[in-house]
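Me: I would like a close look at a single part of this structure. Please keep the explanation plain and go through it step by step.

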Amino acid sequence: MAVTDRAHAADLDRGDPLGPFRSRFVDAEPGLVYLDGNSLGMLPRATAARLHWVVEEEWGRGLIRSWDAWVDLPQRVGDRLGTTLLGARPGETVVADSTTVNLYKALTAAVAARPGRSTIVVDGHEFPTDRYVAAAVADAHHLQVRGLGADDVAGPTPADVERAVADGDVAAVVVSLVSFRSGAWADLAGITATARAAGAIVVWDLSHAVGSVPVDLPGAGADIAVGCTYKYLCGGPGAPAFIWVDRDRQAEMRQPVWGWFAQRDQFAMGPAFDPLGGAAGWLSGSPPVLGLAAVDEGVGLVGEAGMGAIRAKSEALTALAVELVDAWLGPLGGELATPRMPGRRGAHVSVRHHRADALVAALGREKVVADFRPPDLVRLGLSPLTTRFTDVWDGLDRFRRLLASQT
Ligand SMILES: Cc1ncc(COP(=O)(O)O)c(C=O)c1O
């Protein structure tokens with residue numbers, strides 16, 4: 001059967017061991033093809049029930065007494081996330097603040113751990129917040145920012161990093177493990193080792209990687225990483241992010257936003273900051289309890305499915321998308337802007353087209369939700385727990401019809 005046949009996609013759905021997970025999520029709307037789970041994951045039914053419980057029972061009836069159970073949620077949910085999805089050991093991960101704030105903390109700590117060095121490296125294709133935070137930290141510490149010169153599709157490589165850190169003046173490098181633009185999956189261990197050989201610390205952004213590709217931070221020798229939870233972990237809009245700090249680096253790096261939730265004897269309310277050990281020392285203020293409860297549920301679902309099965313389905317989903325982009329969109333002016341080798345890409349596929357902006361809007365009118373990323377990318381997020389193979393087929397079929405009708 002040809003790959004362009006819808007029956008082929010339907011066959012893949014029938015044989016999909018993760019297929020039953022789709023019914024664990026709230027159905028948004030009949031006929032909607034949601035290819036944006038890499039921006040905002042769908043709502044798990046268990047999360048709706050859990051949030052209802054936290055609001056009605058824990059807050060409504062428990063009132064302030066519930067803080068006994070809430071106070072260490074950042075550590076508990078962090079450990080669950082870290083040990084399930086990052087290869088972390090207990091005490092290395094907390095869930096708190098936004099990715100932006102965690103990046104600021106991580107990068108500030110990294111440059112402070114490399115006194116005398118005057119450069120931060122971040123690629124020009126990196127997510128805006130990563131570039132802005134690098135600029136802010138550089139500004140605050142009188143450093144300069146240098147680009148990485150990575151290819152927009154292939155993403156950053158160890159060779160790019162080697163060139164960028166060659167002068168020995170680089171304190172830290174900010175890199176996304178999976179590029180928000182092309183979906184390129186970077187070499188975690190290779191880039192970390194290359195930077196370290198020149199004395200630089202890599203601050204990893206796992207926003208598009210966590211829950212979509214297998215990650216072993218300690219195994220790769222990483223020092224510090226951050227990431228968000230509202231994409232593949234389905235934590236919901238504005239859900240708190242995570243920060244992971246390798247246990248052997250915790251003494252060497254000190255975060256800049258000292259607050260009472262990181263304080264050793266918090267309710268003694270003592271005169272001086274005396275941080276908790278481990279990742280808990282990277283907390284700052286009151287945790288967002290509702291968001292944490294939602295992240296807890298999302299991590300539970302991803303853990304139940306297992307990263308092995310998730311990655312296997314993800315490779316198959318992106319392979320189908322790549323084949324359909326080539327077969328259908330190529331002749332109509334749409335070009336694949338994602339690495340072709342399955343081992344080099346995460347869970348989304350991007351298509352380059354000079355009218356990408358208008359196309360994403362038109363796709364929306366055809367009930368296909370995708371993302372526009374300037375200047376010319378249509379980004380299709382294929383979230384293994386919720387995207388069906390027939391969604392990929394239907395989405396790209398509507399995409400091709402749209403292009404065909406406009407040429
Ligand atoms: C790579 C990357 N970093 C950071 C963020 C967002 O950061 P924040 O959680 O602070 O909004 C995103 C959001 O899409 C992202 O894709």
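Where is the place of Pro 375? Please start there and work outwards.

Reply: Pro 375 sits in the loop between β12 and β13. The model is a predicted one, and what follows is read from its atoms. The peptide bond from Pro 374 to Pro 375 is cis, and its omega is near 0°. In general, most peptide bonds are trans.

Now take the two strands on either side of this loop. Strand β13 covers residues 377-381, and three bridges join β12 to β13, with the two strands running antiparallel. One of the facing pairs is Arg 373 and Leu 377, with Leu 377 in β13.

These strands belong to an open sheet of four strands, in the order β9-β10-β13-β12, and the pairing is antiparallel. At the edges are β9 (335-336) and β12 (371-373), each of which pairs on one side only. As a general point, strands of a sheet pair through backbone hydrogen bonds, and they can do so parallel or antiparallel. A helix also belongs in this picture: α11, made of residues 356-365, lies across β12 and β13 and runs at about 40° to β13.

Strand β10 (residues 348-352) contains Arg 352. The contacts of Arg 352 include Asp 376 and Leu 377. Gly 333, Gly 334, Glu 335 and Ala 337 are also among the residues that Arg 352 touches. Further contacts of Arg 352 are Asp 152, Val 153 and Arg 181. With Asp 152, there is a polar contact of 2.9 Å between the side chains.

Asp 152 leads to another feature, since it is one of the residues that line the largest cavity. A search of the whole structure finds two cavities of 30 Å³ or more. In general, rolling a probe the size of a water molecule over the atoms shows where empty space is left. The largest cavity has a volume of about 90 Å³. Its lining also includes Asp 123, His 125, Glu 126, Asp 151 and Phe 180. By class, the lining of the largest cavity has three nonpolar, four polar and four charged residues.

The second largest cavity has a volume of about 50 Å³. Among the residues lining it are Phe 25, Tyr 232, Cys 234, Ser 383, Pro 384, Leu 385 and Thr 386. The lining of this second largest cavity divides into six nonpolar and three polar residues, with no charged ones.

Ser 176 also lines the largest cavity, and strand β5 is made of residues 170-176. Five bridges join β5 to β6 (residues 201-205), and these two strands run parallel. Val 174 stands opposite Val 203, which is in β6. Helix α6 (residues 128-141) packs on the sheet and touches β3, β4, β5 and β6, with its direction at about 175° to that of β3.

The sheet that holds β5 and β6 is open and has seven strands, ordered β2-β8-β7-β6-β5-β3-β4, with mixed pairing. Its edge strands are β2 (93-95) and β4 (144-146), each pairing on one side only. On average, neighbouring strands of this sheet are turned by 20° against each other, with direction ignored.

To return to the starting point, the cis bond from Pro 374 to Pro 375 belongs to a stretch where Pro 375 lies in the loop between β12 and β13.

Note on methods
Residues are numbered from 1 along each chain as its sequence is written. This is a predicted model: local features need pLDDT of at least 70, side-chain atom pairs count only at pLDDT 80 or more; totals for chains, interfaces and linings use all residues. Side-chain values use heavy atoms; hydrogens and water are left out. Two strands pair if DSSP finds at least two bridges between them. Contact means heavy atoms within 4.5 Å. Axes are lines fitted to C-alpha atoms, for helices over the stretch in contact, and angles run from 0 to 180 degrees between N-to-C directions. A polar contact is a pair of N or O atoms within 3.5 Å; within protein, one must be able to donate a hydrogen and the other to accept it, and residues adjacent in sequence count only if both atoms are side-chain atoms. On a 1 Å grid over the protein atoms alone, a cavity is a set of points where a 1.4 Å probe fits but cannot get out, and a pocket is an open set with protein on both sides within 12 Å along at least five of seven lines; lining residues have an atom within 4 Å of a point. Grid points are joined across faces, edges and corners, and a volume is the space filled by probe spheres set on the points. Ala, Val, Leu, Ile, Met, Phe, Trp, Tyr, Cys and Pro count as nonpolar, Asp, Glu, Lys and Arg as charged, and the others, Gly among them, as polar. Lists of a residue's contacts leave out its neighbours within four places in sequence.
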